[in-house]
Amino acid sequence: VVGTDGRVAFAIAVFSDITERKRAEETLRATQVRLQQVVTLSTAVIYATRVTGDTFSPSWISENITRLTGYDVEEALSPTWWLDHLHPEDRARVLAESPVLLTKGKLATEYRFRYKHGSYHWVRDESRLLRDDAGQPLEVFGAWIDITERVKAEADAARAAAEAQAQQARQLAAQSEAEKAQLREQLRQQLNVILETRETAR
């Protein structure tokens, strides 16, 4: 406060305790760091996609995309990246399933996706639709994991089961042929007995 002579007579200072705010900020930062670590080490790729009318535009993807697929984040955010690397034989089916996300608000699908080194991997993709206050589609949040080993194990099990069934069928067929041969031999022996009996009777 300035006095009548133009000099500062006294000053007023106001203090407020911001300990709780600082503690909350530190907690938030620690949580964000921890979340980033979890996402980075996770085997699931997490992503977000904006919805504008009928257009889907990738807006965010977790950094572990590079470790898991070889693509960097910038590549993965390209508008056509996902479609370009979808297996040609799965494309029509997966695209036909997409409207389910808009009608039911969620979708789970499995398909083959080409990794950067060139090979295709099976992935399971689960997504949820977020709507705005007016009920219009706003954004899609999802995650996908590599299920290649599971699919391979299922295929191996199916092949083993098919081979076991085929082997059983072959064994049954062989058994049937053996039974037929045995029956033919019995008939032949009986016929011989009849013929011998007739010869003796003469």
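**Salt bridges, a pocket and a surface patch**

Arg93 counts as partly exposed, because its relative accessibility is 34%, a value that falls between the limits of under 20% for buried and over 50% for exposed. The structure in which this residue sits is a predicted model. Arg93 is paired through a salt bridge with Glu97, and the closest N and O atoms of the two are 3.5 Å apart. Both Arg93 and Glu97 belong to helix H5, where four residues, about one turn of the helix, separate them. Glu97 also falls into the partly exposed class, because its relative accessible area is 24%.

The wider fold provides the setting for this pair. The protein chain contains seven helices and five strands. Read from the N terminus, the order of elements is α-β-β-α-α-α-α-α-β-β-β-α. The chain has 202 residues, and 19% of them count as buried, that is, they have under 20% relative accessible area.

How many salt bridges does the structure hold? The total is 12. Side chains of opposite charge can pair when their charged atoms come close. The pair in helix H5 is one case; two further cases show other arrangements along the chain.

In one of them, Arg150 and Glu110 bring their side chains together in a salt bridge with an N to O distance of 3.0 Å. Because Arg150 is part of helix H7 (residues 148–201) and Glu110 is part of strand S3, this pair ties together parts that are 40 residues apart in sequence. Arg150 is partly exposed, since its relative accessible area amounts to 35%. Glu110 is likewise classed as partly exposed, with a relative accessible area of 22%, and so lies above the limit of 20% under which a residue would be called buried. Glu110 also has a spatial relation to Asp90: the two residues are 20 positions apart in sequence, and their C-alpha atoms are 9.0 Å apart in space.

The other case stays within a single element. Arg159 and Asp156 form a salt bridge with an N to O distance of 2.1 Å. Is Arg159 buried or exposed? Its relative accessible area is 51%, and Arg159 is therefore exposed, given that the class begins over 50%. Asp156 is partly exposed, because the corresponding value is 30%. Helix H7 holds both Arg159 and Asp156, three residues apart, about one turn of the helix. Beyond such single pairs, salt bridges with shared partners connect Glu89, Asp90, Arg93, Glu97 and Arg112 in one network. Arg93 and Glu97, with which this account began, are thus among its members.

The next topic is the space enclosed by the fold. Rolling a probe the size of a water molecule over the atoms shows where empty space is left. The largest pocket holds about 650 Å³ of space. Its lining comprises 26 residues, of which Tyr47, Thr49, Phe56, Trp82 and Asp125 are the closest to the centre of the pocket. Which elements contribute at least two residues each to this lining? They are strand S1 (44–52), strand S2 (55–61), helix H4 (81–85), helix H5 (88–97), strand S3 (106–114), strand S4 (120–131) and strand S5 (137–146). Strand S2 gives the largest share, with four residues. In chemical class, the lining consists of 19 nonpolar, six polar and one charged residues. Helix H5, where Arg93 and Glu97 lie, is one of the contributing elements, and so is strand S3, in which Glu110 is found.

Strand S4 also carries residues that deserve a closer look. Leu130 has its place in this strand and is partly exposed, because its relative accessible area is 38%. Together with Leu138 and Phe141, Leu130 makes a nonpolar surface patch of about 250 Å². The value for Leu130 satisfies the requirement of over 30% relative accessible area for residues of a patch.

Arg131 is found in strand S4 as well. With a relative accessible area of 36%, Arg131 is therefore partly exposed. Arg131 and Val51 are separated by 80 residues in sequence, while the distance between their C-alpha atoms is 9.4 Å.

Conventions. Residues numbered from 1 in each chain as written. Predicted model: local features only at pLDDT ≥ 70, side-chain atom pairs only at ≥ 80, totals over all residues. Heavy atoms only, no water. 1 Å grid on protein atoms, 1.4 Å probe; cavity = no way out; pocket = protein on both sides within 12 Å on 5 of 7 lines; lining within 4 Å. Points joined across faces, edges and corners; volume = space filled by probe spheres on them. Nonpolar A, V, L, I, M, F, W, Y, C, P; charged D, E, K, R; others polar. Patch = residues over 30% accessible without salt bridge, like charges linked within 9 Å, V, L, I, M, F, W, Y side chains within 5 Å. Areas by Shrake-Rupley, 256 points an atom, 1.4 Å probe, with all protein chains shown as cover. Salt bridge = Lys/Arg side-chain N within 4 Å of Asp/Glu carboxyl O. Buried < 20%, exposed > 50% of the residue type's maximum accessible area, 1.4 Å probe, protein only.
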